[in-house]
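Hi,

Here is the structure I promised to send over. Have a look at it first, and then read on for what turned up.

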Amino acid sequence: MNHDVIINVHSVIPVSRINGPGKRMVVFFQGCRNKCAGCFNPETHPFIRIAEYHPGTIFTKFYRPGIEGLTVSGGDPFYQRRGLLQLLRSAREDYGLSTVVYTGFEYEMLAASTICRTIFSYTDVLIDGRFDETKIEPTMLARGSTNQRLHFLSNRYTEKDLVMPGKIELIVGPEGTITQTGFSKVA
Ligand code: SF4
């Protein structure tokens, strides 16, 4: 394992039910230049140091037994490709987790890169494309806008697995903190 890779993480939700199939750990990377108008997570845009972890440490600190998979979102994970690759590889090989990755980049553009093709080999579902606030997803599909495409890169899931039980999830932490996640916002 490559121990020199560090991921700058915005936040981690150990267990979410609306960021992909089943219960999932969700890792939000810090940093994005894609500038989608109406982005739900503008605080993840600056390329500033928030919390730096070795990929393995993310599991040590946040993994909860019983989860089905790992979802990586952001920010945009493809600004930290080496870390993304190691995180996905560890999810699949060390923990037997499925993997879902969100990106504002388009699949075809990423596929021109060797490391991205390797990342895809450890990705079950890639949801690509910029969020478009004029095309809000009206159904419970796990995407923000209808222009974003679901690429099933393995045979583990189909589209029906990406239908979520809700649009918004409020998670109450041990000290009463409330974390909001999902594909809409509470006003
Ligand atoms: S790619 Fe994601 S984090 Fe970046 S601006 Fe677009 S919606 Fe926001």
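Let me start with a question: which side chain does Asp124 meet in a salt bridge? The partner is Arg92, at 3.3 Å from N to O. Before you go hunting for that pair, bear in mind that this is a predicted model. Asp124 sits in the loop between helix 4 (114–121) and strand 6 (125–128), while Arg92 belongs to helix 2, so the contact ties together parts that are 32 residues apart in sequence. The two ends differ in exposure: Asp124 is buried, with a relative accessible area of 5%, whereas Arg92 counts as partly exposed at 28%.

Helix 2 has another salt bridge to offer. The side chain of Arg82 meets that of Asp4, 3.4 Å from N to O. This one also links distant parts of the chain, since Arg82 is in helix 2 and Asp4 is in the segment before strand 1, 78 residues away. Arg82 is partly exposed, at 47% relative accessible area.

There are eight salt bridges in the whole structure. As background, side chains of opposite charge can pair when their charged atoms come close. Another of the eight joins Lys160 to Asp161, with the closest N and O atoms 3.9 Å apart. Here Lys160 is exposed, at 65% relative accessible area, and Asp161 is partly exposed, at 24%. You will also find a small group to click through: Glu108, Asp128 and Arg149 are joined into one network by salt bridges that share partners.

Now the sheet. It is an open one of seven strands, in the order 3-1-2-4-5-6-7, and the pairing is mixed. Strand 3 and strand 7 (149–152) stand at the edges with a single partner strand each, so one side of each has no neighbour in the sheet. On average, neighbouring strands are turned by 30° against each other, direction ignored. Helix 2 packs on this sheet and touches strand 1, strand 2, strand 4 and strand 5 (98–102). The direction of helix 2 makes about 165° with that of strand 4.

If you want one strand pair to inspect, try strand 1 and strand 2: they run antiparallel and are joined by five bridges. Val12 stands opposite Val27 of strand 2.

Next, helix 1 (residues 55–62). Which of its residues are buried? They are Pro55, Ile58, Phe59 and Phe62. These four cover an arc of only 95° around the axis, which puts them on the same side of helix 1. The spacing fits a general rule: an α-helix has 3.6 residues a turn, so residues three or four places apart point the same way. The cover over the buried residues of helix 1 includes strand 1 (7–16), strand 2 (24–29), strand 3 (51–53), strand 4 (69–73) and helix 2 (81–95).

Last, the cysteines, as you may well ask about them. How many disulfides are there? The count comes to zero, by a rule that wants the two sulfur atoms within 2.5 Å. Cys32 counts as buried, at 12% relative accessibility, and Cys39 as partly exposed, at 24%.

Over to you, and shout if anything is unclear.

Cheers

How values were computed. Residues numbered from 1 in each chain as written. Predicted model: local features only at pLDDT ≥ 70, side-chain atom pairs only at ≥ 80, totals over all residues. Heavy atoms only, no water. Buried < 20%, exposed > 50% of the residue type's maximum accessible area, 1.4 Å probe, protein only. Helix = DSSP H or I, 4+ residues; strand = E, 2+ residues; numbered from the N terminus. Arc of directions from axis to C-beta. Contact = heavy atoms within 4.5 Å. Pairing = 2+ DSSP bridges. Axes fitted to C-alpha atoms, helices over the stretch in contact; angles between N-to-C directions. Salt bridge = Lys/Arg side-chain N within 4 Å of Asp/Glu carboxyl O.
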